[in-house]
Amino acid sequence: HRRLGGRWRTTVDGVVRERRCPADTALHDVRRAVDQLALESVTATHTVIGASAIRMGGALVVMFGNIVSGKSTLAVAAARRGARLVADDIVAVDPRGAVRPYHRPVNVRPTEWGRLGLSAPSGPFAFGWPIPMSRLGQLDDGGPPSLLVEVHRNDTTTELAPMSPATSLMHLSSQTLRAAGHHRAMFHRLASLARTVPAVELYHHDLDCALDLIEAQVGGGATG
């Protein structure tokens, strides 16, 4: 990155990605570039899902969903209650069915700062505040998932609903990342995940209530 008259240019391996952009955009582009490199390193051999992963007690929970469903928000809230962080935004499941750790900073959007009780930070964070996982709590090295949770925002209620393996597979398929050229292998790995790991849908309005429901589902408290 080079600062040019108050603006920034971002490059990766000598290739310019952004020219003369504001600091907010430059920081956001750095995060996207790191995620892209991480994806490229595992796509051929791993199932990669748009998700966050945490460990509550002995249970590893994968929370997946659309881009503004609140996965990262729930992960941060869980970490503040004692859960350990495994991955955010990108969850890679290896051929043995284990989630790999991805300990890059958790990106918390401005709309979520107040919901988490965080004071607005000073800095170029229009696209999100990248908080180092080590500042939020303990880290975890991953492992086989115990529960899959599809996350949905809800303006009024917080509740869990069970998902069948077939529904889980269909919904997981819509959240896979970078499957081009590896569709058949990716589908088989997803099918195995959906068959062997219980899945629920979470509709959440209240963060504490949502985490209470997840903890009850996995049968224990957040701390390990």
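In this predicted model, the structure holds 2 aromatic pairs. One of them brings together W113 and W129. A pair of aromatic rings is described by the distance of the centres and the angle of the planes. For W113 and W129, the centres are 6.3 Å apart and the planes stand at 85 degrees to each other, an edge-to-face arrangement. If you follow the chain, you will find W113 in helix α3 (residues 110-113) and W129 in strand β9 (residues 129-131), so the pair links distant parts of the chain, 16 residues apart. Both rings belong to buried residues: W113 has a relative accessible area of 11%, and W129 has a relative accessibility of 13%. Because buried means under 20% relative accessible area, W113 with its 11% falls into that class. F125 joins W113 and W129 to form one aromatic cluster.

Next, let us look at how helices meet. Two packed helices are described by the angle between their axes and the distance between the axes. Take helix α2 (residues 71-80) and helix α7 (residues 207-218): their axes come within 10 Å and cross at roughly 80 degrees. The two helices α2 and α7 are therefore roughly perpendicular to each other. On the α2 side, the contact is made by T73, L74, A77 and A78, while α7 brings L207, A210 and L211. By class, this contact of α2 with α7 has 6 nonpolar residues, 1 polar residue and no charged ones.

A second pair of helices is worth a visit. Helix α5 (residues 165-173) packs against helix α6 (residues 183-196) at an angle of about 140 degrees, and their axes are 8 Å apart. That makes α5 and α6 oblique to each other, because only angles over 145 degrees count as roughly antiparallel. The crossing of α5 and α6 is right-handed. From α5, the residues P165, S168, L169, L172 and S173 meet F187, L190, A191, L193, A194 and R195 of α6. Sorted by class, the contact of α5 with α6 has 8 nonpolar, 2 polar and 1 charged residues.

Now turn to the strands, starting with H204. This histidine sits in strand β12 (residues 199-204). H204 is buried, with a relative accessible area of 0%. Leaving aside neighbours within four places in sequence, H204 is in contact with residues from several stretches of the chain, including S69, G70, L74, R115, H152 and A210. Two of these names are already familiar: L74 and A210 also take part in the contact between α2 and α7.

Strand β4 (residues 47-56) offers another place to pause, at V48. At 0% relative accessibility, V48 counts as buried. Not counting residues up to four places away in sequence, V48 touches L39, V42, T43, I90, V91, A92, Q175, T176, L177 and M186. In sequence, V48 and R189 are 141 residues apart, yet their C-alpha atoms are 10.0 Å apart in space.

Our last stop is a loop. Most residues other than glycine have a negative phi, and most peptide bonds are trans. Against that background, D89 stands out a little: phi of D89 is near 70 degrees, a positive value in a residue other than glycine. You can find D89 in the loop between β6 (84-87) and β7 (90-93). With a relative accessible area of 22%, D89 is partly exposed.

Note on methods:
Residues are numbered from 1 along each chain as its sequence is written. This is a predicted model: local features need pLDDT of at least 70, side-chain atom pairs count only at pLDDT 80 or more; totals for chains, interfaces and linings use all residues. Side-chain values use heavy atoms; hydrogens and water are left out. Helices (H or I, at least four residues) and strands (E, at least two) are DSSP runs, numbered from the N terminus. Buried means under 20% relative accessible area, exposed over 50%, partly exposed in between (1.4 Å probe, protein chains only). Contact means heavy atoms within 4.5 Å. Axes are lines fitted to C-alpha atoms, for helices over the stretch in contact, and angles run from 0 to 180 degrees between N-to-C directions. Angles under 35 degrees count as roughly parallel, over 145 as roughly antiparallel, 65 to 115 as roughly perpendicular and the rest as oblique. Ala, Val, Leu, Ile, Met, Phe, Trp, Tyr, Cys and Pro count as nonpolar, Asp, Glu, Lys and Arg as charged, and the others, Gly among them, as polar. A crossing is left-handed if the near helix is turned anticlockwise from the far one by less than a right angle, and right-handed if clockwise. Rings of Phe, Tyr and Trp (its six-membered ring) pair if their centres lie within 6.5 Å; planes under 30 degrees apart count as stacked, over 60 as edge-to-face and the rest as tilted.
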